[in-house]
Amino acid sequence: MAAPAHVPLVVATRGDAVENVHYGSIAIVDRTGRLLHSAGDPHALTFTRSTLKAFQALPFVREDGPKAFGFDERELALMTASHSGEPFHIAAVDGLLGKARNHWRRMKCGCHVPYMYETLGRTPPPHQSFDPRYHNCSGKHAGFLAWCRLNNAPIDTYVEPDHPLQRRIREEVAGLLGADPDALVVGIDGCSAPNLALPLDGLARLWALLAGGGAGDATDALLDRLFAAMTAHPEYVSGTGRSDLHFMKAGAGDWVAKVGAAGVQVLGIRSRGLGIAIKIADGHPDARFVAAFATLRALGLVEPDDAELARYAKIPIVNAAGLETGALRPVLELAAH
């Protein structure tokens with residue numbers, strides 16, 4: 001239960017003064033896990049949250065599940081998504097469920113108002129109701145159910161930590177990191193599925209491996225397929241007006257990006273063989289984007305006026321009357337190793 005040694009990464013200003021400080025840590029590694037740059041505590045134990053989703057899909061891809069059920073690459077991308085619940089997302093969820101002969105009533109993720117309403121500045125229609133398909137994690141859960149169909153595994157208990165699928169996910173992650181699957185720290189995510197806590201540099205290594213381009217073995221080929229689906233269809237991983245869509249569009253097929261709840265952001269940079277993992281200690285969602293942009297700038301990967309990402313160079317703080325009262329600004333410094 002020791003507290004990580006986080007450092008200031010982002011400040012919130014009011015006028016010309018600093019009002020709040022958002023602490024956190026950053027780890028930047030290569031495919032071998034060698035730490036290249038860091039801020040704060042690069043080994044801080046960090047719940048992966050939704051940044052785990054691509055690796056939660058790995059057992060299904062390893063067993064050629066997409067071919068078995070006829071899933072296309074958009075549907076595969078949705079299995080890794082924290083989607084916005086836009087109509088094309090729901091259509092893809094329906095595709096995942098229907099092709100594997102499943103129903104949304106079997107999904108254990110619960111439901112919430114789709115992100116699209118907040119992101120697009122809309123109000124849900126009166127009396128609109130939502131079912132689990134609209135949950136941002138529904139693609140992942142539809143994929144879980146498909147794995148159960150493929151393996152004739154129990155469906156009602158698919159989110160239990162000792163379910164065969166959840167054990168397989170831990171084995172996949174542990175195998176990539178050279179760890180003992182039984183030693184991984186397990187918690188329960190917001191969507192009711194088991195979630196893993198990893199050292200921040202371990203999480204960064206997963207994303208370096210995902211973006212790595214493959215070293216020729218079978219697992220690299222599987223990761224390359226997930227990378228290709230996510231980077232070809234970033235709108236299915238994220239949604240209109242969402243950050244991961246912006247980051248992956250800016251990367252033009254070279255970067256894969258994923259947010260996680262509670263202030264987590266990861267990126268994999270194929271051309272540089274890098275994995276980047278960021279944790280904002282207080283979970284502030286916008287602070288992670290400011291930290292991500294500043295990290296990419298420090299690595300020489302973006303310019304301050306980048307057309308797609310300049311919105312994250314600083315993020316204005318606006319009050320209810322529309323007045324800009326301050327901004328989120330980066331203060332992070334990366335140390336080379």
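**Exercise 1. Determine how many disulfides the model contains, and account for the state of C111 and C148.**

Solution. The count comes to 0 disulfides, a disulfide being a pair of cysteine sulfur atoms within 2.5 Å. This is a predicted model, in which local features need pLDDT of at least 70, side-chain atom pairs count only at pLDDT 80 or more, and totals for chains, interfaces and linings use all residues. Residues are numbered from 1 along each chain as its sequence is written, and side-chain values use heavy atoms, with hydrogens and water left out.

Step 1. Take C111: the closest cysteine sulfur, in C109, lies 8.1 Å from its own, too far for a bond.

Step 2. Turn to C148, which is in no disulfide; the nearest cysteine sulfur, that of C109, is 14 Å away.

Step 3. Add accessibility, where buried means under 20% relative accessible area, exposed over 50% and partly exposed in between (1.4 Å probe, protein chains only). C111 is partly exposed at 44%, and C148 is buried at 2%.

**Exercise 2. Describe helix α13 and its burial.**

Solution. Step 1. Helix α13 (a DSSP run of H or I, at least four residues, numbered from the N terminus) covers residues 285-298. Its 14 residues reach 21 Å from first C-alpha to last, close to the expected 20 Å, which is 1.5 Å times one less than the number of residues.

Step 2. Of these 14 residues, 10 are buried, so α13 is largely enclosed by the rest of the structure. Among them are R288, F289, F293 and L296.

Step 3. After α13 comes G300, with a positive phi near 75°.

Notes:
Helices (H or I, at least four residues) and strands (E, at least two) are DSSP runs, numbered from the N terminus.
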